[in-house]
Amino acid sequence: MARVFITRAVPGRAVEQLVAAGHAVETWPGDLPPPPADLAAALARSDAVMAMVVDRITPEMLTAAPRLRIVANMAVGYDNIDPAAAADLGVWVTNTPGVLAETTADLAFGLLLAAARRIVESDRDTRAGGWKTWSPTGFLGVDAFGATLGIVGLGEIGEAVARRARGFKMRILYHSRTRKPALEADLGLEYRPLPELLAESDFVSLHTPLTPETRHLIDAAALAAMKPGAILINTARGQVVDQDALVDALRAGQLGGAALDVTTPEPLPLGHPLYTFPNVIVTPHIGSASRATRARMAEMAAANILAVLAGREPPNPVNR
Ligand code: DGY
């Protein structure tokens, strides 16, 4: 019997599946992440851990966890752990690719529409008693239909966003590490170097993983290169954007708005300047948060754990 630690209660049948295989499952109680000392202690007594993107697992914690064989992230991203350091210690790191792209693309597109048409702002106004009459000039926004969308990072989520954009007859530009001629042809995408994509797009949607190369990819210079009045959507990672530069660009009225599902830090503290802009939407990192998708993610993480505990290679390794 192996000991499995799960850093939060998870939906779906994941726990049932681990228990049915004869493992002892310990779930961290409550909604907040285990503090670092508790996480380190749990790693040290466990054979397997199911972790969330906000559970920062340091090389020191891994070194002090002699039994640990796998950290199964319940996420496609894995910037909360150093996979190479884990591999050196013989610990698998796995993720959940393939199951959350459509759900995250739904949110990215929802944020795009919400920012374009000022949905959140007008709802706030309605609740505050601001709805006095139908107004020919009230809450004027911009059209998504027929606009130009710039997708930065054309992985599975970026591609899913592009498919949605086709339904809105958008002109779709993309920037990615590698060009994807098959997708260009299938979806009518046009490749652009980043500065050109920024200059031409009415909406810029970010879909890169967080790596040393993408940290602050959208910095002051990139924001200045954006078309005046353009809207920035980030469902990737907060640190892909230089947030102080974003605040400056919003203050200067350079951008039409921003819709952020990810920030630095998370949660974004109350009182942060980003909350002062009516044209900024902040959601609490809910890209993959549909019931069905979160259940699938947890079950996929459990499948990775079950494989490793049974002496097999996990199906979704990121540090083979
Ligand atoms: C991921 O999977 O990396 C998301 O950020 C959390 O759903």
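How many bridges join strand β3 to strand β4, and do the two run parallel or antiparallel? Four bridges join β3 (residues 48-51) to β4 (residues 70-73), and the strands run parallel. Keep in mind that this is a predicted model. Two open sheets make good landmarks for a tour: one has five strands, the other seven.

**What the record says**

- UniProt, in an unreviewed entry, puts "domain: D-isomer specific 2-hydroxyacid dehydrogenase catalytic" at residues 5-319. Over that span the chain is 36% helix and 14% strand, with its end C-alpha atoms 20 Å apart.
- The unreviewed UniProt entry also lists "domain: D-isomer specific 2-hydroxyacid dehydrogenase NAD-binding" at residues 109-287. Here the make-up is 32% helix and 16% strand, and the end C-alpha atoms lie 11 Å apart.

**The five-stranded sheet**

- Reading across this open sheet, the order is β2-β1-β3-β4-β5, with parallel pairing. β2 (24-27) and β5 (92-94) are the edge strands, each pairing on one side only.
- Neighbouring strands here are turned by 15° against each other on average, direction ignored.
- Helix α12 (residues 291-309) packs on the sheet and touches β1 (3-6), β3, β4 and β5. The direction of α12 makes about 165° with that of β4.
- For a single pair to look up in the β3-β4 ladder, take M50, whose bridge partner in β4 is A72.

**Helix α2 and its two sides**

- Helix α2 (residues 36-44) has L39, A42 and L43 as its buried residues. These sit on the same side of α2, because they cover an arc of only 100° around the axis.
- That spacing fits the usual helix rule: with 3.6 residues a turn, residues three or four places apart point the same way.
- On the face of α2 turned away from the buried side you'll find the exposed residues A37 and D38.
- The cover over the buried residues of α2 includes β1, β3 and α3 (59-63).

**The seven-stranded sheet**

- The order in this open sheet is β8-β7-β6-β9-β10-β11-β12, again with parallel pairing. Its edge strands are β8 (189-191) and β12 (280-282), and each pairs on one side only.
- On average, neighbouring strands are turned by 20° against each other, direction ignored.
- Helix α5 packs on the sheet, touching β9 (203-206), β10 (231-234), β11 (257-260) and β12. Its direction makes about 150° with that of β10.
- β6 (residues 148-152) and β7 run parallel and are joined by five bridges. Within that ladder, L149 stands opposite I172, while I151 has Y174 as its bridge partner.
- Four of the five residues of β7 (residues 171-175) are buried, so the strand is largely enclosed by the rest of the structure.

**Helix α5 up close**

- α5 (residues 101-116) has 16 residues and reaches 22 Å from its first C-alpha to its last, close to the 22 Å expected at 1.5 Å a residue.
- The helix is mostly covered, with twelve of its 16 residues buried. Among them are F109, L111 and L112, as well as A114, A115 and A116.
- Right after α5 comes R118, which has a positive phi near 55°.

**G153, in the loop after β6**

- G153 lies in the loop between β6 and α7 (156-167). It counts as buried because it has 21 C-beta neighbours inside 10 Å, and 20 or more is the cut-off.
- Setting aside neighbours within four places in sequence, G153 is in contact with G158, S176, L206, H207, T208 and A236.
- The contact with A236 bridges some sequence: G153 and A236 are 83 residues apart along the chain, yet 9.5 Å apart in space, C-alpha to C-alpha.

**Backbone oddities worth a click**

- T264 and P265 are joined by a cis peptide bond, with omega about -5°. A cis bond also joins E266 and P267, with omega about -10°.
- Both prolines sit in the loop between β11 and β12: P265 is there, and P267 is too.
- H216, in the loop between β9 and α10 (220-225), has a positive phi of about 60° although it is not a glycine. With 15 other C-beta atoms within 10 Å, H216 is partly exposed.
- H285, in the loop between β12 and α12, also has a positive phi, about 50°, without being a glycine. H285 counts as buried, with 21 C-beta neighbours inside 10 Å.

How values were computed
Residues are numbered from 1 along each chain as its sequence is written. This is a predicted model: local features need pLDDT of at least 70, side-chain atom pairs count only at pLDDT 80 or more; totals for chains, interfaces and linings use all residues. UniProt positions are given in the numbering used here, feature names are shortened, and annotations may be inferred rather than shown by experiment. Two strands pair if DSSP finds at least two bridges between them. Axes are lines fitted to C-alpha atoms, for helices over the stretch in contact, and angles run from 0 to 180 degrees between N-to-C directions. Two residues are in contact if their C-beta atoms, placed from the backbone, lie within 7 Å. The expected span of a helix is 1.5 Å times one less than its number of residues. The arc is that of the directions from the helix axis to the C-beta atoms.
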